[in-house]
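Student: I should like a close look at the salt bridges of this model. Please describe the pairs, their settings and their surroundings in one connected account.

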Amino acid sequence: MSISLSSVRAVRKWALWSAPRSVILLVLGCAAATVVTSVWAASDFRFQQRAVINLGILLALSIGFQEVSSKVEKTRNRIHSARYVDMSSVWIFAAVMALPFSYAFLVVALLHMQLWLRVGRPASNLPHRAIFNVCTVWLACLGAHAALLSFPGAAPLPSGLLAIVAVLVSILAFTAVNASLVFAAVFLSTRPEPAPFRSIWQDSFLEFSTLCLAGLAGLALIFEPWLVVLIVPAMSILQRSVLVKELQEAATTDAKTGLLNAQAWHRVATVELERSVRTATPAALMIIDMDNFKLINDTYGHLAGDDVLKAVAGVLTDELRTYDSVGRFGGEEFVALLPKVDALDALAISDRVLQRIRDLRVKTRLLEGLEIGDLSASIGIACHPQQGSEVEGLLHLADSALYVAKREGRDRVEYSNFR
């Protein structure tokens with residue numbers, strides 16, 4: 001009895017119950033659908049020797065790959081505590097293709113159990129996330145299975161070129177179901193604030209790439225099971241390509257804001273300014289410095305200050321163009337190079353940025369319900385070709401203009417008149 005009571009208390013502590021009602025309904029609905037459909041799949045279970053052999057091959061390769069790739073994942077976690085890249089969908093989708101569907105839930109359950117034990121258990125109040133992840137994968141398997149069955153003569157695949165079409169359609173169905181459920185959960189959890197859909201889309205693209213490998217693995221299991229071993233090197237290359245990309249991002253990105261760091265910004269801005277010189281087009285350099293930022297850190301703490309910096313970085317990302325070079329120089333200072341922007345346009349853009357910063361109400365991570373407002377910034381501007389054609393020179397003049405803005409009362413923009 002004590003065990004059951006402690007289990008009930010543990011469930012009551014889940015962070016799920018403090019989430020919006022729509023999120024709770026989504027998670028519980030997916031869990032209920034998973035239970036019902038898994039019972040339906042299990043009711044059709046029949047022992048088949050080849051299916052058991054293929055199941056053993058998939059499980060052995062999955063466990064072996066996770067052990068071999070653990071060093072890469074530890075390196076990724078040291079970079080910026082990135083979450084684990086789960087490539088188990090390769091084996092799961094291959095099982096949907098090549099095994100009787102009643103075996104598919106075994107693959108989903110066993111692989112996620114092994115992943116849970118190998119990579120780490122979720123926080124005591126967040127097990128619903130692990131449950132939701134398993135449910136989305138299983139429901140995606142149902143979508144892929146239904147897509148395969150929609151093709152005539154699927155046993156397990158139709159013949160000829162139709163087999164390729166069937167595999168591609170089932171991959172799209174798997175991706176669509178999985179991504180849609182994740183999108184829905186993130187949207188319902190973060191509204192009215194914008195959800196990080198760009199990150200989710202990048203994850204979906206990686207998932208689609210792994211599923212293409214899964215299609216090859218499924219074909220190998222159908223026609224020559226031991227050929228599936230050749231999928232492992234391709235998976236290793238894909239996983240390492242993710243690591244290389246993240247190493248590149250870590251080397252060029254400011255960890256607090258996601259903008260370019262000072263060194264990376266200087267390199268990019270130099271290239272852009274040289275292009276402006278060659279094409280005889282204008283360019284503007286802006287330095288944006290938060291007013292009285294030390295007071296925010298002293299009053300609310302440095303974590304709250306970091307939240308403010310992230311919010312200001314979001315303003316700059318929204319107000320400036322995608323090809324403008326925006327970076328953080330350190331502390332509360334930001335810098336941007338705007339190609340094909342003259343002095344008048346730069347002043348108008350700066351006014352919009354200042355107004356957006358005035359309108360900010362930043363929620364902090366430590367003080368629930370508290371919003372930091374009454375924010376302001378000062379901006380200094382220097383332009384090519386009026387003030388020069390080198391980044392260092394424009395930086396110096398923009399910094400001088402920024403000093404004037406601070407001296408004249410802050411919360412304003414000043415344009416350098418020096419040549």
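Tutor: The account below takes the salt bridges in turn and then moves to one neighbouring topic.

This is a predicted model, in which local features need pLDDT of at least 70, side-chain atom pairs count only at pLDDT 80 or more, and totals for chains, interfaces and linings use all residues. Residues are numbered from 1 along each chain as its sequence is written, and side-chain values use heavy atoms, with hydrogens and water left out.

A salt bridge is taken as a side-chain nitrogen of Lys or Arg within 4 Å of a carboxyl oxygen of Asp or Glu. By this rule the structure has 13 salt bridges. One of them pairs D289 with K406, whose closest N and O atoms are 2.8 Å apart. D289 belongs to strand β1 (residues 283–290) and K406 to helix α15, so this pair ties together parts 117 residues apart in sequence. Helices (H or I, at least four residues) and strands (E, at least two) are DSSP runs, numbered from the N terminus. For exposure, buried means under 20% relative accessible area, exposed over 50%, and partly exposed in between (1.4 Å probe, protein chains only). D289 is buried because its relative accessibility is 12%, and K406, at 19%, is buried as well.

The bridge between D298 and K294 also has its closest N and O atoms 2.8 Å apart. Its setting is local: the two residues are four apart in helix α12 (residues 293–300), which means that about one helical turn separates them. D298 is exposed, with a relative accessible area of 52%, and K294 is exposed at 61%.

A further bridge joins the side chains of R356 and E319, at 2.8 Å from N to O. This pair links distant parts of the chain, with R356 in helix α14 (residues 343–358) and E319 in helix α13 (residues 302–319), 37 residues apart. R356 is partly exposed, its relative accessible area being 29%. Through salt bridges that share partners, D318, E319, R352 and R356 form one network.

Polar contacts are pairs of N or O atoms within 3.5 Å; within protein, one atom must be able to donate a hydrogen and the other to accept it, and residues adjacent in sequence count only if both atoms are side-chain atoms. Q387 sits in the loop between β6 (377–384) and α15 (391–407). The side chain of Q387 reaches the backbone nitrogen of C383 at 2.8 Å, and a polar contact of 3.3 Å joins it to the side chain of Y415. Q387 is buried at 10% relative accessibility, as is C383 at 1%.
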